[in-house]
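Me: Please take one part of this model and look at it closely. After that, go through the covalent links and the ring contacts elsewhere in the chain.

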Amino acid sequence: MRAWVLLSAVLWYLAGVGCQRPSLFSKKGFVYGKLEHPVKIYVKIHQNSPALICMDLDRASKETVDPTYLWIGPNENTLTGNNRINVTNTGTLIVKDFLESLSGLYTCTLSYKNVKAETQEESVIQKRYDFMIFAYREPDYSYQMAVRFTTKSCVGRFNDMFFRLLKKILDNLISDLSCHVIEPSYKCHIVKIPENDLIYELFIAFQVNPFAEGWKSLCTETIDCEEITNHNILKARDRIEEFFRSQAYILYHHFIKTRPAMRFVEHSFQVARIDSCRPGFGKNEGLHSNCASCCVVCNPGTFSPDVDVTCQICVSVHHYGAKSCP
């Protein structure tokens, strides 16, 4: 009896059973394969991919005898460990500092043995798992804004003077954020207000853009600037919105009896976000429904030369992230 107890203790020690198996299903950032169809994954530029598991959930819940793993990358070469590729001895793949050129099909073949307990007869089973990995960026934000002011007349130079002064005020308001007003325009219209006479109004429209001169200097400590520029443009939007809100407040509290001829039309301020993608990236809700708001790398056969939101067709392009059509 003591011998059996001693043998059990020795086997327990040699096997290192002191630490329990971690749960495969309690870890975040793990993506399992699926049989028969690829798993789509989106990795932000210069971030690490999630851990790709060379098993499906059903297989991972069972014991696997003598497993081996073979990872093939988008260039159809066998993946081995380097400064970007990390393949563990349990078949987990992590791609570090992801770039658009690393996008594509990653395939893992799992081989393991099925052993019959009665006869010790062995058979080898193979399963293949495909992962489609796409690089993506956050879109660059800009804002289209519209506002209205009353005026004395639609003729004369005062409307143009007021319009240029307003643009200057807004530019000064957001200049420290490296944002500026672009594509400003206005038109004067005659408006009939219910139960009131005809009045003249300036319909003013402009865009607030985060790429004023010197904007790149804000990004010296980071690789990509989307977070910084988008943060700044959001602050610029809030400042401008507060500016026009204050115009309504001043008008209501300081000009109750005598209102100036050129005044802000309350509730006329409107704002809409406009997204743009960096060259080599675009949006495609049909193809990338799980990342519909992302700027996803252009597939082979497409390209994006400018800050548009779509990838254009070009059959001579054979790589991801093309910025031109040869």
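Reply: Helices and strands are DSSP runs, helices of at least four residues and strands of at least two, numbered from the N terminus. The model is predicted. The part chosen here is the loop between α3 and β10, where serine 178 is found.

Serine 178 is a residue other than glycine, yet its phi is positive, near 60 degrees. Is serine 178 buried or exposed? Buried means under 20% relative accessible area, and serine 178 has 11%, so it counts as buried. Leaving aside neighbours within four places in sequence, serine 178 is in contact with Asn209, Pro210, Phe211, Ala212, Gly214, Trp215 and Leu218. Cysteine 179 is also buried, with a relative accessible area of 2%.

Glutamate 76 can be set beside serine 178. Glutamate 76 is not a glycine either, and its phi is positive at about 65 degrees. Its place is in the loop between β4 (65-72) and β5 (85-87). The surroundings differ: glutamate 76 is exposed, with a relative accessible area of 68%, whereas serine 178 is buried.

The elements α3 and β10 come up again in the disulfides. A disulfide is a covalent bond between the sulfur atoms of two cysteines. The structure holds 6 of them, and three are described here, beginning with cysteine 154 and cysteine 188, whose sulfur atoms are 2.0 Å apart. Cysteine 154 lies in the loop between β9 (140-151) and α3 (158-174), and cysteine 188 is in strand β10 (residues 180-192), so the bond ties together parts that are 34 residues apart in sequence. The link of cysteine 154 and cysteine 188 is left-handed, with -80 degrees about the S-S bond. Cysteine 154 is partly exposed, at 32% relative accessible area, and cysteine 188 counts as partly exposed too, at 21%.

Cysteine 54 and cysteine 108 form another disulfide, again with 2.0 Å between the sulfur atoms. This pair links distant parts of the chain, 54 residues apart: cysteine 54 is in the loop between β3 (51-53) and α2 (57-60), and cysteine 108 is in strand β7 (residues 104-115). The torsion about the S-S bond is -95 degrees, and the link of cysteine 54 and cysteine 108 is left-handed. Cysteine 54 counts as buried at 0% relative accessibility, and cysteine 108 is likewise buried at 0%.

Cysteine 291 is joined to cysteine 294 by a disulfide with an S to S distance of 1.9 Å. The link of cysteine 291 and cysteine 294 is left-handed, with -85 degrees about the S-S bond. Cysteine 291 is buried, with 7% relative accessible area, and cysteine 294 is buried with 9%.

The ring contacts come next. A pair of aromatic rings is described by the distance of the centres and the angle of the planes. How many aromatic pairs does a search of the whole structure find? It finds 11 aromatic pairs. One of them joins tyrosine 42 to phenylalanine 134, with 5.5 Å from centre to centre and 20 degrees between the planes, and this pair is stacked. Tyrosine 42 lies in strand β2 (residues 39-44) and phenylalanine 134 in strand β8 (residues 122-137), so the pair ties together parts that are 92 residues apart in sequence. Tyrosine 42 and phenylalanine 134 are both buried. Elsewhere, ring pairs link Phe149, Phe162, Phe243, Phe244, Phe264 and Phe269 into a cluster.

Charged groups also lie over rings. The charged end of arginine 157 sits over the ring of phenylalanine 158, at 5.3 Å from the ring centre. The charged end of arginine 273 sits over the ring of tyrosine 141, at 3.9 Å from the centre of that ring.

To return to the chosen part: serine 178 is in the loop between α3 and β10, buried at 11% relative accessible area, with a positive phi near 60 degrees.

Conventions: Residues are numbered from 1 along each chain as its sequence is written. This is a predicted model: local features need pLDDT of at least 70, side-chain atom pairs count only at pLDDT 80 or more; totals for chains, interfaces and linings use all residues. Side-chain values use heavy atoms; hydrogens and water are left out. A disulfide is a pair of cysteine sulfur atoms within 2.5 Å. Buried means under 20% relative accessible area, exposed over 50%, partly exposed in between (1.4 Å probe, protein chains only). Rings of Phe, Tyr and Trp (its six-membered ring) pair if their centres lie within 6.5 Å; planes under 30 degrees apart count as stacked, over 60 as edge-to-face and the rest as tilted. A charge sits over a ring if NZ of Lys or CZ of Arg is within 6 Å of the ring centre and within 35 degrees of the ring normal. Contact means heavy atoms within 4.5 Å.
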